[in-house]
Amino acid sequence: MDFTTLGASPFQSFWWGGFECTDQLNAFGNRVDFLPLTGHLPLLDEDYAALAPFNIGTVREGIRWAHIEKTPYQYDFSTVQTMLDAGQRHGIQQVWDLCHFGYPDDLTPLHPMFARRFAALCRAFVDFYRRQRPTGTLIVTPINEVSFISWLGGDARGTSPYCHGNGWQVKYELMRAYIEGANALREADPGIRILTTEPLIAIAPRFGASAREIREAREAHNNQFQATDILCGRLCPELGGHPALLDIVGFNYYYDNQWQLNPHWIMGWNDAAPDPRLRPLRQLLREAYRRYERPFAITETSHPGIDRPVWLRMIGQECAAVLAEGLPLWGTCLYPVVDRPDWDHLDQWHRSGLWDADLGRPGPARVLHQPSAEALLDAQAVVAAARPRRAPALVL
């Protein structure tokens with residue numbers, strides 16, 4: 001692959017900040033709304049200004065579909081306008097999620113009008129955005145983590161439509177909407193960039209597994225690519241997927257993304273005695289790149305608690321190794337960059353951001369986690385030193 005044919009990165013910085021923006025129905029059927037809950041919406045200016053010392057010029061944001069479309073085909077983008085204005089004030093590039101774990105009250109992915117309503121939302125968003133920003137590159141994620149939300153809502157009864165044993169059908173309908181939405185986005189703005197965001201995982205069989213168990217683990221591992229394969233037309237071609245819809249491929253990678261199948265067991269990434277089945281992130285990224293041969297990004301990564309700094313330094317080292325190979329890694333997103341609570345138990349905060357939330361002060365107030373800040377600066381230096389000289393210039 002001649003990487004020069006992929007063009008220059010459209011991202012303003014290599015390191016991004018991600019703000020939790022879910023507006024889903026949680027496991028108890030309650031609507032959650034994380035933009036105000038985490039304090040990001042009222043503290044937009046403070047949050048954006050705080051990114052400058054870390055040279056983070058790109059952020060992932062969400063429009064919150066459930067709040068935009070209270071009545072079918074009637075849209076209120078006033079909150080998005082507020083966010084756009086704050087981004088302009090601070091010189092922040094915003095990458096927009098149109099559906100991030102939440103649908104309007106009258107919709108589920110299994111509703112017969114779901115795809116049509118989503119495509120209409122996509123057209124309305126581009127029309128709104130281009131009236132505010134007639135020039136410049138617009139980068140959009142149509143639906144975040146189809147693989148995960150189809151499992152959560154289709155198999156685990158953790159969100160709408162609260163099904164069990166129906167994960168494939170939920171995934172199929174979400175991808176129908178994704179493809180219709182992506183086509184609508186391209187029709188409205190031919191220059192739009194589409195960023196997929198899917199989990200990057202590794203599944204291994206147990207020690208001493210039978211041949212059947214090994215096959216099952218291999219199949220489960222490969223299923224992580226179903227949504228992206230549908231998008232580019234390799235799977236379920238009747239949905240209209242096409243290689244042209246696959247643009248920038250995003251991978252979400254967390255500490256629990258590698259596990260043993262049957263019995264389920266998360267492989268510890270930082271154990272004193274490493275599990276021999278654990279695979280380096282650089283290897284997973286390399287294999288995923290070879291599958292699609294598109295520029296890619298780590299679109300979500302973080303770690304809860306005291307191991308945050310160790311995780312950030314590891315991420316920096318893995319990114320540096322990938323870049324040193326000359327692969328087109330275009331960015332890494334700290335997600336969340338500001339702490340968030342659990343979706344189902346809102347009194348339990350993850351302590352996974354670059355900034356913690358001080359719940360004793362209004363906002364909640366932000367408290368920089370200094371060990372993570374130092375680790376991020378170290379990781380940025382490692383990545384900056386590893387980037388090939390021929391790569392397009394990015395702000396690091």
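Reader: In this model, what is the order of the strands in the open sheet of 3 strands?

Author: The model is a predicted one. Its open sheet of 3 strands has mixed pairing. The edges are strand 6 (202–205) and strand 9 (265–266), each of which pairs on one side only. The order is 6-8-9.

Reader: How many bridges join strand 6 to strand 8, and which residue in strand 8 is the partner of Pro-205?

Author: Strand 6 and strand 8 (residues 258–261) run parallel and are joined by 4 bridges. Pro-205 has its bridge partner in strand 8, and that partner is Leu-261.

Reader: Which helix lies across strand 6 and strand 8, and at what angle does it run to strand 6?

Author: The element lying across strand 6 and strand 8 is helix 8, residues 211–222. Its direction relative to strand 6 is given by an angle of about 175 degrees.

Reader: Is strand 5 mostly covered or mostly open, and how many of its residues are buried?

Author: Strand 5 spans residues 193–199 and has both faces covered. On one side Arg-193, Leu-195, Thr-197 and Pro-199 are buried, and on the other side so are Ile-194, Thr-196 and Glu-198. The strand is mostly covered, the count of buried residues being 7 of 7.

Reader: Which strands are joined to strand 5, and what are the bridge partners of Ile-139 and Leu-195?

Author: Strand 4 (residues 139–143) runs parallel to strand 5 and is joined to it by 2 bridges. Strand 7 (residues 248–252) also runs parallel to strand 5, with 5 bridges between them. For Ile-139 the partner in strand 5 is Arg-193. For Leu-195 the partner in strand 7 is Ile-248.

Reader: Where is Asp-247, and is it buried or exposed?

Author: Asp-247 is in the loop between helix 9 (226–231) and strand 7. Its relative accessibility is 11%, and the cut-off for a buried residue is under 20%. Asp-247 therefore counts as buried.

Reader: Which residues does Asp-247 contact beyond its neighbours within four places in sequence, and what does its side chain reach at 3.0 Å?

Author: Setting those neighbours aside, Asp-247 is in contact with Arg-186, Ile-192, Arg-193, Ile-194, Arg-294 and Pro-295. With Arg-193 there is a polar contact of 2.8 Å between the two side chains. At 3.0 Å, the side chain of Asp-247 reaches the backbone nitrogen of Ile-194.

Reader: How many salt bridges does the structure hold, and which three residues are linked in a network of them?

Author: Side chains of opposite charge can pair when their charged atoms come close. The structure holds 24 salt bridges. A network of salt bridges links Arg-60, Asp-97 and Glu-300.

Reader: Why does the salt bridge of Arg-366 and Asp-47 tie together distant parts of the sequence, and how far apart are those parts?

Author: The two side chains meet in a salt bridge with an N to O distance of 2.8 Å. Arg-366 belongs to strand 13 (residues 365–368) and Asp-47 to helix 2 (residues 44–51), so the pair ties together two such parts. Arg-366 is buried at a relative accessible area of 11%, and Asp-47 is buried at 3%. In sequence, the parts are 319 residues apart.

Reader: Which residue forms a salt bridge with Arg-117, and is that residue buried or exposed?

Author: The closest N and O atoms of this salt bridge are 2.8 Å apart, and the partner of Arg-117 is Glu-69. Arg-117 is in helix 5 (residues 114–132), while Glu-69 is in the loop between helix 3 (65–68) and helix 4 (78–90), 48 residues apart. At 4% relative accessibility Arg-117 counts as buried. At 1%, Glu-69 also counts as buried.

Reader: Which residue forms a salt bridge with Glu-318, and is that residue buried or partly exposed?

Author: The salt bridge is between Glu-318 and Arg-282, with closest N and O atoms 2.8 Å apart. Arg-282 lies in helix 10 (residues 281–292) and Glu-318 in helix 11 (residues 308–324), so the pair ties together parts that are 36 residues apart in sequence. Glu-318 counts as buried at 8% relative accessibility. Arg-282, at 29%, counts as partly exposed.

Reader: What radius of gyration does the chain have, against that of a compact globule?

Author: The chain has 12 helices and 13 strands, and 58% of its 396 residues count as buried. Its C-alpha trace spans about 55 × 50 × 45 Å along the principal axes. A compact globule with 396 residues would have a radius near 21 Å, which agrees with the value for the chain, 20 Å.

Methods: Residues numbered from 1 in each chain as written. Predicted model: local features only at pLDDT ≥ 70, side-chain atom pairs only at ≥ 80, totals over all residues. Heavy atoms only, no water. Buried < 20%, exposed > 50% of the residue type's maximum accessible area, 1.4 Å probe, protein only. Pairing = 2+ DSSP bridges. Salt bridge = Lys/Arg side-chain N within 4 Å of Asp/Glu carboxyl O. Contact = heavy atoms within 4.5 Å. Polar contact = N/O pair within 3.5 Å; in protein donor to acceptor, adjacent residues only side chain to side chain. Axes fitted to C-alpha atoms, helices over the stretch in contact; angles between N-to-C directions. Rg over C-alpha atoms; globule rule 2.2 N^0.38 Å.
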